[in-house]
Structures are given as structure tokens and as C-alpha cells.
Amino acid sequence: MQASRSEIGGLKAQRSAVAESEAQRLIGYPSSTLPPNFHPKRLISVNLSCSCSHIKQLWKGAKIFKDLKLVSFSCCEYLTEILDFSMIPNLESLSLDNCKSLTKVHESVGSLDKLVTLNFLLCSNLKTLPSRLKLKSLRTLLLTGCSKVRKFPEIVEKMEHLHEILLQGTAIEELPKSIEYLIGLKVLLLDSCQKLEHLPSSIQNLQYLTELCLTGCSKLQELPKLPLNTRYIDTSNCRSLERFPTLSSPSNLSAEEFPRFSRMMFINCRKLINKQVQDHMTSLFYNEESTDEVMLPGSNVPDWFQHQSTNGSISLDIASKLYGKHVELFFCAVFEVDKGATTTGMFSCIYEVITNDQKTLAIARNFESLESSHVWPTRIKPGRLMWRLNGTHYWNHFEISFGISEVSSKVKVKASLKSCGFHISFNQESYLLDHESVRRYTG
């Protein structure tokens with residue numbers, strides 16, 4: 001299709017013949033608002049990203065643009081307000097990221113049936129959102145860095161397509177009970193929401209929610225029960241967090257009521273993690289096959305780890321008859337803060353497995369500053385144990401090593417490896433774990 005450039009009311013535009021009618025794309029404009037006589041026949045997109053150095057608002061009052069599908073004002077530093085969009089029924093994407101002067105979004109934006117993406121990323125002066133949302137086509141809502149947004153809109157009808165909400169760094173104090181109407185929500189990111197004190201109990205009705213991030217929510221005191229499909233939860237640096245019934249009262253929950261977490265991060269949550277919770281979580285980690293990683297305050301390798309060491313190295317022999325058998329490997333590291341330091345600084349931990357003098361596995365993880373001793377158990381599911389086992393010898397030598405290193409030369413590591421552990425488990429269809437198949441290496 002042949003396209004040509006033309007001027008429309010002083011605007012640069014692109015035209016193309018579509019079904020014998022005129023489609024137009026607005027791609028730049030030098031003034032503070034569009035002219036009153038701007039009435040293109042078929043405006044399908046408005047893209048003023050990084051080119052609208054003077055524009056403060058797109059138009060006054062309501063404009064009828066039935067064919068308009070995309071509006072982007074990204075980086076429009078003087079844009080202050082989004083006005084009436086009620087006569088733009090087919091809008092699919094509205095991007096306002098990095099509009100540093102934007103303070104208000106018109107109520108009509110909350111009722112656009114065709115809207116798929118709504119992006120307010122880093123609009124640091126935005127205060128007022130639509131009070132109600134009924135966006136049945138919306139898939140992604142981005143509010144990260146909107147540090148003056150205090151109130152999240154009410155959800156007035158079921159929104160099954162919204163999969164992801166990013167609210168990191170906002171001033172939101174609470175989420176409405178009506179969040180349960182976001183029935184398709186999978187990811188909810190609330191990191192660094194420092195005014196957030198609690199979550200509504202209705203969050204447990206979000207059956208597809210798999211990821212919940214709350215790092216750095218300094219006023220958060222309690223978590224409700226979470227949906228059963230929640231796989232990843234991170235409350236690191238939530239120093240006021242004291243109550244989480246799922247962990248603190250496990251005896252009140254049946255197996256069917258307990259979420260199948262794959263990863264749980266509770267760094268520096270010392271008010272939440274007491275000895276009872278530690279014991280419960282490490283037991284859960286061993287018995288719940290879905291759990292692959294936990295990080296929590298603590299000072300000892302769990303007792304059920306068969307092989308433990310304080311020098312960062314574990315040696316053992318594994319029988320060749322276990323070649324091809326289904327196994328699970330458990331690793332554990334305990335970190336402590338160096339004497340005289342208040343935090344560890346950022347650091348990296350790596351563990352390696354060497355089988356018959358050849359490296360067969362290496363896993364590394366970076367950690368933010370720890371304020372006390374922490375325990376990091378992980379689970380690896382290699383499937384069948386086939387790691388260079390030598391069938392001509394009954395015993396094969398395994399060496400597991402743990403180490404700490406710096407992430408950046410600018411950050412001094414003040415963490416030490418206090419102890420480490422290794423455990424190997426076989427399912428019921430394989431050989432039972434006994435002294436004839438795995439033994440501590442004696443040289």
C-alpha cells in the first residue's frame with residue numbers, strides 16, 4: 001500500500017488508502033493543543049512521543065474519533081491532563097509514560113471497552129485516576145513510579161483479561177475489596193509501596209494469581225490467605241510484617257487450602273519469621289514438591305539435611321546402581337553478617353556439583369543486603385540421575401562446594417558462609433535411600 005506525507009491543519013500526518021477511505025496518523029505537533037478545526041476523517045493513531053515539547057493537552061472537550069486505536073504521549077513533559085475520551089470507543093492503547101507534569105486522567109478513560117494497554121509508567125506527579133474501572137478488554141495496567149497515586153480505582157465489573165498490574169513505587173494505602181473482580185489477574189507487583197498497610201481478604205478469590213511481590217512495603221503488617229495457585233511471593237524488607245496465617249497457623253489449614261508456592265522470599269522479615277515458622281517452612285520445603293526455593297531469617301541448616309558442613313564443602317559417594325533413577329537434590333546455605341557490620345551488602349552465592357572430577361551443575365543467586373543470619377534452601381529436580389556416573393565402578397564421587405563473592409567491585413561483601421547442607425532424595429519407584437547407595441566420603 002502506497003503511503004504519502006501531507007499537512008493536516010498544520011500537523012504532520014501520514015495517509016494511506018484503506019477501503020476507499022482516508023486513514024491518518026498524527027505523528028507530531030508544535031503547539032500546546034490541537035487546533036479547534038482539527039477533524040480528520042479517519043484518525044487511527046496519535047503518536048506524540050518525545051516530540052511534543054509544548055503540548056499541554058490534546059484537545060478541549062470531547063472529540064469524536066471512532067477509528068482512533070492508538071494514543072501515545074510518552075515523554076511529553078508539559079502534558080498536564082487527559083480530558084474526555086468518551087467519544088473514542090475503539091481505543092486500544094493509551095501510553096502516557098514519563099509524562100512528568102501529568103496530574104489528572106479523565107473519568108472516561110476508565111470505561112473504554114476496547115482498551116488493551118494503559119500505561120502511566122513514571123508519571124511522578126499523577127494524582128488522580130478514574131475512580132472506577134470497567135475495562136473489559138484491558139490486559140496490562142502500568143503505574144510503576146507514580147509516586148503520588150494514593151487511591152486505586154474501584155472495579156465495578158468482572159475484568160477477565162487483565163493479567164498484569166504494576167504498582168511499584170506508588171503511594172497506594174490499600175487495594176479495594178473489589179479487586180476480586182479482576183478474575184484473570186496473574187501478576188500483582190506492589191514493591192516499594194511504602195504506605196500500603198494491608199491487602200484485602202478478597203485477594204484469595206483471584207484464582208489465577210501466580211506472582212505477588214511486596215518487597216520494601218515498610219508499613220505492611222499482615223498478609224491475608226492467598227489464592228491456591230500462588231507460586232511466587234516476595235515480602236523481602238517488609239520489616240513491619242508480623243502476621244501471615246498461611247505460615248503462622250499451618251495447623252488450621254488442610255493440604256487443599258495451602259498454596260503450592262515454588263519460591264518464597266522473606267529477607268529481613270524478622271517479625272514474621274520465628275522459630276515455629278522456620279520449622280514449618282523448612283518442613284514444607286521438604287514435603288511439598290512444588291517448592292523450589294526459600295529465603296528466610298534463620299541460623300541453622302534444617303536437621304533433615306543428611307550431609308552438613310561448616311567449611312563450604314561436602315563430599316559423598318553415590319552408587320552406580322542409581323544411574324537413571326528419579327531423584328531430587330536439596331542444597332542449603334546459611335549466611336551470617338560479618339562481625340562489626342550491620343548489613344552484608346549485596347553479594348552472590350554459588351554452589352557447584354562436581355561428579356568424578358567433572359563439573360555437572362552450577363547455580364548462582366544474587367542477594368540484597370541481609371540484616372541478620374539467613375537460611376537459603378533450594379531444590380533441584382534433574383529428573384533422572386545421569387550425571388557422568390561411571391558404570392565400571394560401584395562408587396562415584398560427588399563434591400559439592402558453596403562460595404560467596406561480590407556482585408560489584410564497588411560493594412564490599414560483609415557476609416560469611418556459616419554452614420551448608422546437601423540432601424538427595426529418591427521417589428518410591430527408585431531405590432530407597434540407604435547406606436548401600438549413598439555414603440559420606442571418607443577418602
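In the predicted model, F335 and F367 are both buried. A search of the whole structure returns 15 aromatic pairs. In one of these pairs, F335 and F367 adopt a tilted arrangement, with 5.5 Å from centre to centre and 55° between the planes. F335 belongs to strand β21 (residues 326–337) and F367 to strand β23 (residues 358–367), so the contact between the two rings ties together parts that are 32 residues apart in sequence. Both phenylalanines are also members of a cluster linked by ring pairs, which comprises F331, F335, F347, Y351, F367, W376, F402 and F422. A further ring, that of F285, has the charged end of R379 over it, at 5.4 Å from the ring centre.

Strand β23, which holds F367, pairs with strand β22 (residues 347–355) in the antiparallel sense over 9 bridges. Within this pairing, S348 stands opposite N366 of β23. The two strands form a hairpin with 2 residues between them. In the turn, N356 has a positive phi of about 50°.

The largest nonpolar core contains 84 residues, of which F73, F120, L126, L188, L190, L214 and F266 touch the most other members. Elements that each supply at least two residues of this core are β4, α2, β18 (293–297) and β21. The greatest contribution to the core comes from α2, with 4 residues. Another core, of 35 residues, lies apart from the largest one and has L189, I314, F331 and F335 among its residues. F331 and F335 are thus found both in this core and in the aromatic cluster. For F73, contacts beyond four places in sequence are made with V46, L48, S49, L58, L79, I82, S95, L96, D97 and C99.

The structure holds 0 disulfides. C193 is in no disulfide, and the nearest cysteine sulfur, that of C217, is 5.1 Å away, whereas a disulfide requires two cysteine sulfur atoms within 2.5 Å. C193 is buried, with a relative accessible area of 0%. C420 is likewise in no disulfide; for this residue the nearest cysteine sulfur belongs to C332, at 8.6 Å. C420 is buried as well, and its relative accessible area is 0%.

Two loop residues were examined individually. N268 lies in the loop between β17 (263–265) and α2 (275–287). With a relative accessibility of 2%, N268 counts as buried. Leaving out residues up to four places away in sequence, N268 touches N237, R239, P297, S369, L370, E371, S372 and H374. The second residue, D67, is located in the loop between β4 (43–47) and β5 (70–72). D67 is partly exposed, with a relative accessible area of 28%. The C-alpha atoms of D67 and P89 are 8.2 Å apart in space, while the two residues are 22 residues apart in sequence.

Terms used:
Residues are numbered from 1 along each chain as its sequence is written. This is a predicted model: local features need pLDDT of at least 70, side-chain atom pairs count only at pLDDT 80 or more; totals for chains, interfaces and linings use all residues. Side-chain values use heavy atoms; hydrogens and water are left out. Rings of Phe, Tyr and Trp (its six-membered ring) pair if their centres lie within 6.5 Å; planes under 30 degrees apart count as stacked, over 60 as edge-to-face and the rest as tilted. Buried means under 20% relative accessible area, exposed over 50%, partly exposed in between (1.4 Å probe, protein chains only). A charge sits over a ring if NZ of Lys or CZ of Arg is within 6 Å of the ring centre and within 35 degrees of the ring normal. Contact means heavy atoms within 4.5 Å. A nonpolar core is a set of buried Ala, Val, Leu, Ile, Met, Phe, Trp, Tyr and Cys residues joined through side-chain atoms within 4.5 Å. Two strands pair if DSSP finds at least two bridges between them.
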